[in-house]
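Subject: Structure for you, with notes

Hi there,

Here is the structure I promised to pass on. Please have a look at it first, and then read my notes below.

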Amino acid sequence: MKTVTFLTLCLVGQAAMGQNTPTATSHWRTTVEMGVQMGQVKPDVPAGYPYYGYDIIYNPYYNYNYSYYPVRDAGNRIGLTIHAFTGYIVSPQLITGISFGVDYFNNSAFLPIAAAIQGDLFGRTKRLTPFYTLESGYAIAGPNPHGKELKGGWLWSPGVGVRINKGNGTGFLISAGYKHLEAKQVATVDGVQILAQTEQRVYNRLYFRMGFSF
Amino acid sequence: MKASLLVLLLPLVYLTSCTDNCERTTTYRKYTSVQLPISDVRQAISSGAPQPLIEPGKLYVKDQYLFIVEVKKGIHVFDNSNPSNPRAISFLSIPGNVDMAVRDNILYADSYVDLVALDISNPTAIKEVNRVETGFINGLVGRTYWSYDKTSMKIYDQREEIATTTVKTDCEGSFNILPYLIPIAWFGRYYESLAFADVAYNSAKAPTTTTPTTGVGGSMARFAISSNQLYVVNNSTLQLFDITNPANPVKGKSATLNWNVETIFPYRNSLFIGTTTGMYIYDVTSPAEPKQLAAFSHVRSCDPVVVHDNYAYVTLRGTSTCGVAGTQDVLDVIDISNLSAPRVAKSYPLETPYGLGIDYPTLFVCQGNKGLQVFNASNPLDLKPQQTFANVNAFDVIPISKTLLTIGKDGLYQYDYANPADLRLLSKIAAQPAY
């Protein structure tokens, strides 16, 4: 619910911003895109170890393939990405602004907020205009199975795309790129047998998005 | 323009991988099996050079000497003639040692299956004079368990250490519940959603193996000397040794105790045995023939006991390995004017109480990490807190001739309590915890 509210507010804000200035001579550009992001994961290891009982000794190099511990295979992951950007047009080749959205990685969602630049490639603005985008910022942990244990982290994401201009300052976008996002899970532990557990996460994804700009 | 384009595309070249990199770092207690031939354990014991305190255990005071157990390793001997400046004399290497007691010039210490008698008349040159079997063939020390196998003549023990391991994971964490099952399965997951159900189902079963076993912590063997008898308690047995001739302890009767025994406290003609589920009172008017007077049961918790006059002070610590979840931490004052019918006179809530000591009218209660609390116990039914030391770690305490000795994870502290309302720190022997 929080996510939905957040997104709605973002969109309303952008729409309001877009309407404040006449479209023909607008100094602002807003893009809204949606798509998928794809990546791979390594195989998972047992979640725990059988340290209780007197003569079972834990050996981290031994693969305890007990039925109660999930050992997930390596595989492909695909998740939803929603992305919005609002920026000031310094020149058609350089639009500076901020971006935000929602990204789903495996079973955890993140809300990235980043400083972003966009701009047209090859100098001229035509009906079919290639553009670049580059952003770096912080991802806030969103809905996830670990709740407050999961902390967000730094992200950066470059990409390229094509804008099909409609002629009145609006356009249709197709873009692709890369996303690197870091996060950390500080797990709750029993404090007796397991004293601390931290998972450093680095998500690497390729994304494909479609949307529109105004 | 071409150059700037190149600069923009360079990061893309760098993107060689779309694989998540996740590393889980876990710090845990690691137990390693150790086998000790009994012949190694039975090497003659003699004093060695002083060693730093690492994991201090029980504390014992005899005249001006101070004995501190290094859990399962041996005993540190200190000359404490000047409590402001205790001086390390020697270290006795005794495998499997957890407890001790002194009669005259003889120090009794346990060493796995044996009771060792050591001559301490010259503390700089302590030597072994005798050794008898206790009859105990297994025991719990802290979180580790040892046992003795007669046929292979070996002690099977565990070494506990803190270890860290880092493993690569699939970035999905370990979890028990999935509150966002539906939206995430819809948006964020590619592979079959049954994996969730499987994980949730299996992790629900897992606690049968991952709940800490109760009764492991704090149940060390305990020693007490009353008249000519040495009483040694194991988890469930009270074993007597006749020490009429101190250098030659003779194994005597034994009594079976049904509860996990934690402490033994001799007072006048009685023995008070604190267990995880209650307190036994034994009459030792005839020392070699202890008679059970009462078994006073309470909720399951850790409970050292001390006695003064008609009142026994028992601390119950629920929040630990020997308690059950939700048990309250209290200090109980038990009326024992009738030894065969003890009853709780008053209960005081107290955070994580460990060992305690009384030098009437002052009562000292250790609170582990929470420090040490001093009470005025002139009226046991109305204990008045006098002073609190929050910054010490204390699990056992001995008040002796206006000097208070407290032992904890960070070492031994000595206080002057000539004025019980204002304890003065005399000295500290710092421990260097292994972790």
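In chain B, a network of salt bridges links R42(B), D114(B), E128(B), R131(B) and E133(B). A salt bridge here is a side-chain nitrogen of Lys or Arg within 4 Å of a carboxyl oxygen of Asp or Glu. Within this network, R131(B) and E128(B) meet through their side chains, at 3.0 Å from N to O. R131(B) has a relative accessible area of 19%, so it is buried, while E128(B), at 22%, is partly exposed. Buried means under 20% relative accessible area, exposed means over 50%, and partly exposed is in between (1.4 Å probe, protein chains only).

Before going further, please keep in mind that this is a predicted model: local features need pLDDT of at least 70, side-chain atom pairs count only at pLDDT 80 or more, and totals for chains, interfaces and linings use all residues. Residues are numbered from 1 along each chain as its sequence is written, chains are lettered from A and ligands numbered from 1 in the order in which they are written, and side-chain values use heavy atoms, leaving out hydrogens and water.

Two more salt bridges are worth finding on your screen; over all chains the count comes to 24. One joins D120(A) and R163(A), whose closest N and O atoms are 3.3 Å apart. This pair links distant parts of the chain, with D120(A) in strand β4 (residues 108-120) and R163(A) in strand β7 (residues 153-165) of chain A, 43 residues apart. Both D120(A) and R163(A) are buried.

The other is formed by the side chains of K370(B) and E351(B), at 3.5 Å from N to O. K370(B) lies in the loop between β27 (362-366) and β28 (372-376) of chain B, and E351(B) in the loop between β25 (343-349) and β26 (356-359), so the pair ties together parts that are 19 residues apart in sequence. K370(B), at 38% relative accessibility, is partly exposed, and so is E351(B), at 48%.

Now for the sheets of chain B. Helices (H or I, at least four residues) and strands (E, at least two) are DSSP runs numbered from the N terminus, and two strands pair if DSSP finds at least two bridges between them.

One open sheet has four strands in the order β7-β8-β9-β10 (chain B), with antiparallel pairing. Its edge strands are β7 (100-103) and β10 (127-133) of chain B, each pairing on one side only. Inside the sheet, β8 (residues 106-111) and β9 (residues 114-119) of chain B pair over six bridges. D114(B), a member of the salt-bridge network, is the bridge partner of S111(B).

A second open sheet, also antiparallel, has four strands in the order β18-β19-β20-β21 (chain B). At its edges stand β18 (261-267) and β21 (291-297) of chain B, each with a single partner strand, so one side of each has no neighbour in the sheet. Six bridges join β18(B) to β19 (residues 270-275) of chain B, where I264(B) stands opposite I273(B).

Finally, chain A has one helix and nine strands, and along the sequence the helix comes ahead of the strands, in the pattern α-β-β-β-β-β-β-β-β-β. Of its 214 residues, 50% count as buried.

Enjoy exploring!
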